[in-house]
Amino acid sequence: MVRIRLMRFGAKAKPYYRVVVIKSTEQRNGRAIEHIGLYNPLKDPYEFRVDKERVIHWLRAGAQASETIQKLLERESIWQEFQATKTKKPRKKPKVPRKKEAAIA
């Protein structure tokens, strides 16, 4: 499974993060498939920059966003845009059993 999550950089007590697309089995700072943004929580207000088109592309392709990334995307209204573009599958009508016609003998 592919996930969109944060990769930590920076010194002790001064973190900043890259937003990356990575296999869920990789370590936190393992090899990423693609870097799509950054997040700096120490700036006031926080700095969060992502390539919106690439985020939506990966989400449509089936990537799962971590809880933190999902909350950040919701704050930037990217998550709502993704939810609006999801295609809804049409509901199938329930099958009505046919009555067997009486056989004329």
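These points concern the fold, one helix and one buried residue of a predicted model.

1. Overall architecture. The protein chain contains 3 helices and 5 strands, and, read from the N terminus on, these elements follow the order β-β-β-β-α-β-α-α.

2. Burial, surface and contacts. Of the 105 residues in the protein chain, 30% are buried, while the area that the chain exposes comes to about 8700 Å², with carbon and sulfur atoms supplying 50% of it. When contacts between residues at least 6 apart in sequence are considered, 35% of them join residues that are at least 24 apart.

3. The buried side of helix α3. Within helix α3, which spans residues 78–85, the buried residues are Ile78, Trp79 and Phe82. These three lie on the same side of α3, because the arc they cover around the axis is only 100 degrees. As for what this helix meets, the buried residues of α3 pack against two strands, β4 (47–50) and β5 (64–65), and also against the helices α1 (52–60) and α2 (67–75).

4. Glu47 in strand β4. One of the elements against which the buried residues of α3 pack is β4, and Glu47 has its place in that strand. Glu47 counts as buried because its relative accessibility is 17%, and the cut-off for buried is under 20%. The side chain of Glu47 is joined to that of Arg49 by a polar contact of 3.0 Å. If the neighbours within four places in sequence are left aside, Glu47 is in contact with Leu38, Tyr39 and Asn40.

Notes:
Residues numbered from 1 in each chain as written. Predicted model: local features only at pLDDT ≥ 70, side-chain atom pairs only at ≥ 80, totals over all residues. Heavy atoms only, no water. Helix = DSSP H or I, 4+ residues; strand = E, 2+ residues; numbered from the N terminus. Buried < 20%, exposed > 50% of the residue type's maximum accessible area, 1.4 Å probe, protein only. Contact = heavy atoms within 4.5 Å. Areas by Shrake-Rupley, 256 points an atom, 1.4 Å probe, with all protein chains shown as cover. Arc of directions from axis to C-beta. Polar contact = N/O pair within 3.5 Å; in protein donor to acceptor, adjacent residues only side chain to side chain.
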